[in-house]
Amino acid sequence: MSNSHRTVHMKGTPASYGVGIGSAWILEEKKVSVRPNRILDNEVKENLERFERAVEELLEEYSEMRDSTSGDAADILEAQIQTLKDPELHKLIRRKISENHFEAVYAIFSSFNDYVQMIESVGVSWTDDRTIDIVTIRDQLIAALRKKRKELSVPQGAVVFANELSPTVLIELTRTNISGIVLHKAGLTSHAVILSQSMGIPCVVGVNWKALNISGNCEVLIDGETGEVVFHPSDAEKKEFITRKKKEKKRVKELLKAAALPHETGCGSSFTLRANVEFLEELPRISKHGAKGVGLLRTETLLFQRNFEVPAQIEFYEKVLQASGTDPVTIRLFDAGGDKLLEEAEEEPNPFLGWRGIRLLLHQRKLLRNQIEAICRVSGNYPGRVSILVPMVTDLNEITRVKEKVSKIIAELKSDGADVDEEMKVGIMVEVPAVALMAEEIAPFVDFFSIGTNDLTQYTLAVDRGNDRISELFEPFHPAVWKLIRMTMKGAEKHGIPVSVCGESASIPGAAAAFIGLGITDLSMTTNALLPVKELLCSRSLQEMKELGVRVAASRSTDEVKELFQQFTEKGTVK
């Protein structure tokens, strides 16, 4: 592409609103090479001191970054600092130096790799977004040890292309007023995306730009609202983008107005939008973007931070509830695999189909007990606002066992004089086709269904979306997925229990309208998606959405569904 100036259009997933124009700048991936060299007894002290100095140097750099920022950026950098200061990591590194006689650089490299391997092996797709943070801390610490830390040299106003980005690298990049970010692998919950949203930097993810052989003289346009990326744009396209950029500030103000609007369609029918939350730094957007509480609180970060104990969990849950005002919060039980997460677990060839979610928790009794107890204790302080969501359910017996444990723990806490919400709801994730197919039979035994479209798509289509060779087959709009969603809804309706959607599909405005049209009026999504989704839903009538829902349900191909969504969002009509 560097020798040809033909215009190329690519489409990714919108991640951070805004329009950017600039020259392409590629963040090169440099793999750190470290040999497992041994040291002598008289070299141990020197290597320990080198490790300590490198940590101090990097901590100083991170602290300066944190102090020069605020809000989400400062919170995320503080999390990076705490990872760098992790006493368990330090203990492991020192042991490898002192007892195993490895050089400091290899002790750092291998210890961080152990941590990365644990995260990558838990069997849930979103952990990919955490790995880059740990790898970057590792590499920057090694560079500090080797005295090879270099500042990035990025042209002013460039559009940055990368496989993925860590928070510290992104903040360093923003010092040159970059115009946008295009990422290949990052997900919507990655720290890079959260920061780009906070800093107002247009960002698009899921773009396989490497195949284009981009050069530095390639001009690029990026639209963080539509997910469009244009290489070597024509004069007419550049003119159009410049016009759109001028309108951008007005558009942002219009979107923020949507936060204050009632949760009603253009004809007055009510719906509910909630937030998917994983990190504390996301909490300010719950109220700012008009979410009515948290429809999915992911709790796996507590596992990675080793905060298994009840007090640490209570502190985390209470912060989320306080940030949600008087609205409800649905807390999902730990949804992680046992492979390398727990010391006694055996390595699994396919953790996505293995010992994870409720399968793991029912065997790890203390882990499950602690989490249910923490949730129950918090519920007493916030009656009527806390619900439990059980992940990876495939069998009615699993539901029965969890509910029995909840009832038993509530009774024990009450006998000890603790305040507990005895009416706390217990629902399940619908993410395995078996549950969708049996929705009518399962519904009488739960308080609600929450459809996780990400895993439901993966298991229905037999596609690992983390596998680059087949990732294009991961299609959440596939008609088979919509059939399972309708089956789930009908089962819930027959027995009068509520059903919601908490997967990434709810973040797509057209899909959200289709869900409303099909009768699912409770949607939970990433905080960045709340405003554009709400704006669309408030501007259309329920009848229009019902017509869309009927057409989507009758579709025979993914392309047909996508075309329906495009027509609806662009024109407001479905042909």
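**Exercises on a predicted model**

**Exercise 1.** How far apart are the mean positions of the positive and negative charges of the protein chain?

Solution. The protein chain carries 72 positive and 83 negative charges. Their mean positions lie 3 Å apart. The coordinates belong to a predicted model.

**Exercise 2.** Why does the radius of gyration of the protein chain agree with that of a compact globule?

Solution. Step one: a compact globule of 575 residues would have a radius of gyration near 25 Å. Step two: the protein chain has 24 Å, so the value agrees with the globule. For the dimensions, the C-alpha trace spans about 75 × 70 × 40 Å along its principal axes. As for burial, 57% of the 575 residues count as buried.

**Exercise 3.** Which residue ranges make up domain 1 and domain 2?

Solution. Domain 1 consists of 8-27 + 152-248, and domain 2 of 41-146. Taken over C-alpha atoms, the centres of domain 1 and domain 2 are separated by 29 Å.

**Exercise 4.** Why is helix H18 described as largely enclosed by the rest of the structure?

Solution. Step one: count a residue as buried when its relative accessible area is under 20%. Step two: helix H18 covers residues 453-461, and 8 of its 9 residues are buried, so the helix is largely enclosed. Among them are Leu-456, Tyr-459 and Leu-461, as well as Asn-454 and Asp-455. Step three: find the partners. The buried residues of H18 pack against several elements, including strand E13 (425-430), helix H19 (479-495) and helix H20 (509-518).

**Exercise 5.** What phi does Ala-462 take just after H18?

Solution. Ala-462 has a positive phi of about 55 degrees.

Conventions: Residues are numbered from 1 along each chain as its sequence is written. This is a predicted model: local features need pLDDT of at least 70, side-chain atom pairs count only at pLDDT 80 or more; totals for chains, interfaces and linings use all residues. Side-chain values use heavy atoms; hydrogens and water are left out. The radius of gyration is taken over C-alpha atoms; the globule rule is 2.2 Å times the number of residues to the power 0.38. Buried means under 20% relative accessible area, exposed over 50%, partly exposed in between (1.4 Å probe, protein chains only). Lys and Arg count as positive and Asp and Glu as negative; His and the chain ends are not counted. The place of a charge is taken as NZ of Lys, CZ of Arg, CG of Asp or CD of Glu. Domain bounds come from an automatic or database domain assignment. Helices (H or I, at least four residues) and strands (E, at least two) are DSSP runs, numbered from the N terminus. Contact means heavy atoms within 4.5 Å.
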